[in-house]
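Here is a set of short exercises to work through with a structure on your screen. Try each task yourself before you read its solution.

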Amino acid sequence: MNSKQNRREFLAAGASLAAATALDAFSPIYGAVDLNAKPAILGGDKLKYDAGPLWPTFVGGEVERLTEVFESRQWNRGDESSPTVVFENEFAKLLGSKFGLAVSSGTTALQTALSALDVGPGDEVIVTPYTYVASVNCILESYALPVFADVDAETFQLDASEAEKRINENTQALLPVHIGGAPADMDAFLELGKKRDIPVIEDACQAVMGEWKGRKLGTLGSLGCFSMQISKNLCGGEGGVVLTDDEFLAYKVLDAHTHGFLPHSGRSLDEYRPVRASNYRMTGFQGAILSAQLPHIAAQADVRNENALYLSSLLRDIPGVYPQRIYGGGRSAWHLYMFRIDEEEFGLSRDGLIQALLEDGVPCYAGYQSCDWTGYVRKSLDTRAGRRVYSKERLDAWEEATSLPNFHKLSQEAVWLFQYQLLAPKENMDAIADAVRRIKKYAPDIKKALA
Ligand SMILES: Cc1ncc(COP(=O)(O)O)c(C=O)c1O
C-alpha cells in the first residue's frame, strides 16, 4: 500500500496486484533522514518511512484456486489432486525432503512429530526458552516434561552445549527452534543427537527457506515442523507442514494427523501403527492459498536476505547495537530481524529506543519477554493427571537444574522488526539505520524526556 492509498483502494487494486509478483506490491516511500533534526519523540518530524504493504500479501491466483476448491466441494484435505496434497508435495520438493504432510498449524505439526516419536508422559524434551509458547505447549500436551537449556545470547539460539548438560535417561527428543528463521547450530545438534541416540525435531515454524550449509532448515533432523500462520513468511491464515526423510515416521505423522486407525472401518489391526492420533488436517482452502503463494517464496527469501545482511552491515557500525549473529554456513529465513541493545554503550534503554523508533514511524517491538518458564510448567502440570506423572521431588530437581541467564538478558535487550519490512526497497534499510543513529545521537535528551 503506498502512502496515497487507503485500505479500501489497496484492496480494490487486488486484481492488478494479482497480475504482479508479490514484490511489486511493496512500494514504500523513503525520504532521506536528516541526522541533525530531532527525532519525532523530541518533537521533530516523523520519518518519511512506510513499512510497506498489508501482510499477508497477494501474489495472484489465490482467488481462482479458492473458487476451484469451493466449487469442487472438496473443502477438506481432499484427494491426491487437491491443492492441499499438491501443496505438501511441492513444499517437500522445494525444500528437498522425501515426505511432506500438510497439517492445520505449526503447533499440530509439532504435536504430530512428538506423537510419531512416541513421546509421552514422563519423557523429557529439551527446548529453548527463547521461543513462542507453542514449542513448549506441544511437549506438555503429551504430558512430557519441557527441559529448558539456555541460549547463546549472540545468535539467540538454543546452546547445544547447554542442551547436552540437560540430557538424561528420560530425554526422548531435542527440539532446537530456528528462532527468527535463523538456524540453530545444526552440526552440533545432529552430532549430539547421534552421540546420545536421541532424535532431533527441528521447530522450523519461523524458518521456511532458511538454510544450513546448503540444505533447507527443517530437512536436517528426524522431523521438521513449519507454521503457515498469518504472520509467517509463507502464510495460509493458519497451517503447518511436517517434513521427514524417514518413511516409517512419514506413515506415523500421516496417521497421527488423521485419527490413525479407524477401528470400526473394517481394517485389520495388523495395519495399525500405534500412535497418539487426532484430527490435525489442513483444509482445501488453506491448501489453495498456500499452493498459489509457494512459487514466490524463494524470490521473497532472497530479497529479505539481501536487505537483512545490508541492514546488519549498517547497524553493526553503531556502538551498542548488535545484530543477531548467524552461525557460519547458515542463512536465515528472516522471519524476524532481531538485534540487541547494550544500554550502557548505546546511551538509551532498549525500551526507550523502541519508543523512539515507533514515534519515528518504524514498526518494531521487544519480542519475547522474560518469564518464569518453570513456574508455568509446574502450574500446567499441577493437575490430577500431571501430579500422577510427576512427583514433587522430580520437579524440584528439574527446576533446580534450570538456569537461564542468557534468556533473561536477551529478553531485556532484544529489538525485533517484522519480516515484511525486509521486502521493501533497500533505501528503507538505510532509513531504519539512520533512525537508530539519530536516536543514539539524541539519546541523552530522549532519556531525560522519558524520565
Ligand atoms: C517457534 C514457533 N513454534 C511454533 C509455532 C506455532 O505455530 P502455529 O501458530 O502455526 O500453531 C510458532 C508460531 O506461531 C512459532 O513461532
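The exercises below concern this model, which is a predicted one.

**Exercise 1. Two loop residues**

Task: Decide whether Arg73 is buried or exposed, and do the same for Phe156.

Solution:
- Step 1. Locate the residues. Arg73 sits in the loop that links helix 3 (62-72) and helix 4 (83-95). Phe156 belongs to the loop between strand 3 (145-148) and helix 7 (160-165).
- Step 2. Look at the backbone. Arg73 has a positive phi of about 65°, although it is not a glycine. For Phe156, also a residue other than glycine, phi is positive and near 70°.
- Step 3. Recall the cut-offs: 20 or more other C-beta atoms within 10 Å make a residue buried, and 12 or fewer make it exposed.
- Step 4. Apply them. Arg73 has 9 other C-beta atoms within 10 Å, so Arg73 is exposed. Phe156 has 28 C-beta neighbours inside 10 Å, so Phe156 is buried.

**Exercise 2. Around the ligand**

Task: Find how many residues surround the ligand, and work out how helix 5 and helix 6 are oriented to each other.

Solution:
- Step 1. Count the shell. The ligand is surrounded by 14 residues, and the closest are Ser105, Gly106, Thr107, Cys205 and Ser227.
- Step 2. Sort the shell by character: four of its residues are nonpolar, nine polar and one charged.
- Step 3. Find the helices that take part. Helix 5 (106-116) and helix 6 (134-141) each supply at least two residues of this shell.
- Step 4. Compare their axes. The axes of helix 5 and helix 6 come within 9 Å and cross at roughly 40°.
- Step 5. Name the arrangement. Angles under 35 degrees would count as roughly parallel, and 65 to 115 as roughly perpendicular. Helix 5 and helix 6 are therefore oblique to each other, and their crossing is right-handed.

**Exercise 3. An open sheet**

Task: Find which strands stand at the edges of the sheet with the order 7-6-11.

Solution:
- Step 1. Read the order. Three strands make up this open sheet, 7-6-11, with antiparallel pairing.
- Step 2. Look for single partners. Strand 7 (215-216) and strand 11 (330-331) are the edge strands; each has a single partner strand, so one side of each lacks a neighbour in the sheet.
- Step 3. Check one pairing. Strand 6 (residues 211-212) is joined to strand 11 by two bridges, and Trp212 stands opposite Gly330.

**Exercise 4. Enclosed strands**

Task: Explain why strand 1 (residues 99-103) and strand 12 (residues 336-341) are described as largely enclosed.

Solution:
- Step 1. Count buried residues. In strand 1, four of the five residues are buried, so the rest of the structure largely encloses strand 1. In strand 12, six of the six are buried, so strand 12 is largely enclosed too.
- Step 2. Check the faces of strand 12. Leu336, Met338 and Arg340 are buried on one side, and Tyr337, Phe339 and Ile341 are buried on the other.
- Step 3. Find the partners. Strand 1 runs antiparallel to strand 9 (residues 240-244), with five bridges between them, and Leu101 stands opposite Val242. Strand 12 is joined by three bridges to strand 10 (residues 321-323) and by five to strand 13 (residues 414-418); both pairings are antiparallel.
- Step 4. Pick out residue pairs. Tyr322 has Arg340 as its bridge partner, while Phe339 stands opposite Val415.

Technical notes. Residues numbered from 1 in each chain as written. Predicted model: local features only at pLDDT ≥ 70, side-chain atom pairs only at ≥ 80, totals over all residues. Pairing = 2+ DSSP bridges. Near = placed C-beta within 6 Å. Nonpolar A, V, L, I, M, F, W, Y, C, P; charged D, E, K, R; others polar. Axes fitted to C-alpha atoms, helices over the stretch in contact; angles between N-to-C directions. Parallel < 35°, antiparallel > 145°, perpendicular 65-115°, else oblique. Left-handed = near helix turned anticlockwise from the far one by under 90°.
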